[in-house]
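Let's take a walk around one helix and see what sits on each side. Have the viewer ready and follow along.

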Amino acid sequence: METQKLIDIRSLSQEQIKEVFLAKGEKAFRATQVYEWLWKKTASDFKQMSNLSIDTRNWPKENYVINHVKVVDKQISSDKTIKSGFKLHDNHLVEGVLIPADDRMTACVSSQVGCSLTCKFCATGYMDRKRNLDPGEIYDQVVTIARQAEENFGQKLTNIVYMGMGEPLLNYANVWDSIERITSPTGLNMAAKRITVSTAGIAKMIKKLADDGAKFNLAVSLHAADDVKRDTIMPINESNSLEAVGKALQHFYNKTKSRITFEYIAFKDFNESIEDAKMLLKFCKKVPAKVNVIEYNPTGDGQFEKADSKKIDAFCAYLEKNGVKATVRRSRGNDIDAACGQLANKNKLAMEQLK
Ligand code: SAH
């Protein structure tokens, strides 16, 4: 007998769940309860839905599953950053990070298994994109990391950044849905302004974000404000030139009035001179923006080096002097490969999976 493929019930909207329940002769409010269990109470099994009759907890199992992510690996950095390895229902692995600070608790989540963009400085870029994450799989990372914040630091999660593995704007619909659930009162009820989506710069999708009425923050990984340089480190720039990205950002700002963050990794002898700062300044004039200068985290191939801190300071001072806010982001969690660009499933399980 051929086994029937089970459907992840979390891929259904509340309305669709209601239809399924009504068709089964159940009352509509049961569907609302199930929806609450799935999202607000993050049940991983129908049997946890204790306000339903045993019968109502049982029949959905014939056709539906809840594809929850499982934490299979957890590492804690000397700076208290926690990196978790999440196993998906089909055994793929992704990573998420809790970054604690005095004034905030930030979850950094993945949006894809691997990444298709091959940025030369990023470990995830060497992994190939295996598949997109579902909204529920992104949501689960947030929920798990929020629990870690409470358990380890007695604090609530305050911020979410889509800066883990993958390019969020190449998994547009699922990323969008995950944010809908995170911000919804029937989900985690977090403010959209606490969420930042980071993109390598997919012009068409930045425009779409604006047209769809995005309320969250947008960060763009720039790393060079000159096409020739950017082409060499980020192949996506060949099809999404700085001019195209700039135009998309102007459209985004005009519609959302939300200031853009540019991320800029400072590489030694590559993009950290005052000449480079001048080019970046010019790009920043296109649209209200601030700059986060990121320390390069070595990914092991020795192709790039971290810029000298004196040069980074001069670079930022130049931007500030000319009216652009520039902050240096010191790297967190690099002793456990949890820092930006280091997420590559280097743990044992991942190695076993690759065998
Ligand atoms: N694909 C998205 C989100 C993932 S990367 C994006 O490109 O924005 C999150 C941030 O980490 C990006 O700014 C990325 O450029 C940066 N990053 C990647 N590798 C890095 C490294 N080795 N050191 C420091 N930052 C890195």
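Start on the open side of α10, where Lys-310 and Lys-321 are exposed, that is, over 50% relative accessible area, with under 20% called buried and anything in between partly exposed (1.4 Å probe, protein chains only). Helices here are DSSP runs of H or I with at least four residues, strands are runs of E with at least two, and both are numbered from the N terminus. A word on ground rules: this is a predicted model, where local features need pLDDT of at least 70, side-chain atom pairs count only at pLDDT 80 or more, and totals for chains, interfaces and linings use all residues. Residues are numbered from 1 along each chain as its sequence is written, and side-chain values use heavy atoms, leaving out hydrogens and water.

Now flip to the other side of α10. Its buried residues are Ile-312, Phe-315, Cys-316, Tyr-318 and Leu-319. Looking down the axis of α10, these fall within an arc of 155°, so they line one face of the helix; the arc is taken from the directions from the helix axis to the C-beta atoms. Their cover includes β12 (260-266), α9, β13 (289-295) and β14 (326-329), with contact meaning heavy atoms within 4.5 Å.

How do the axes of α9 and α10 cross, and at roughly what angle? The axes of α9 (residues 274-284) and α10 (residues 309-321) come within 9 Å and cross at roughly 35°, using lines fitted to C-alpha atoms over the stretch in contact, with angles from 0 to 180 degrees between N-to-C directions. On the α9 side, the contact involves residues including Ile-274, Leu-280 and Leu-281, and α10 brings Ala-314, Phe-315, Tyr-318 and Leu-319.

Just past α10, Gly-323 takes a positive phi of about 90°.
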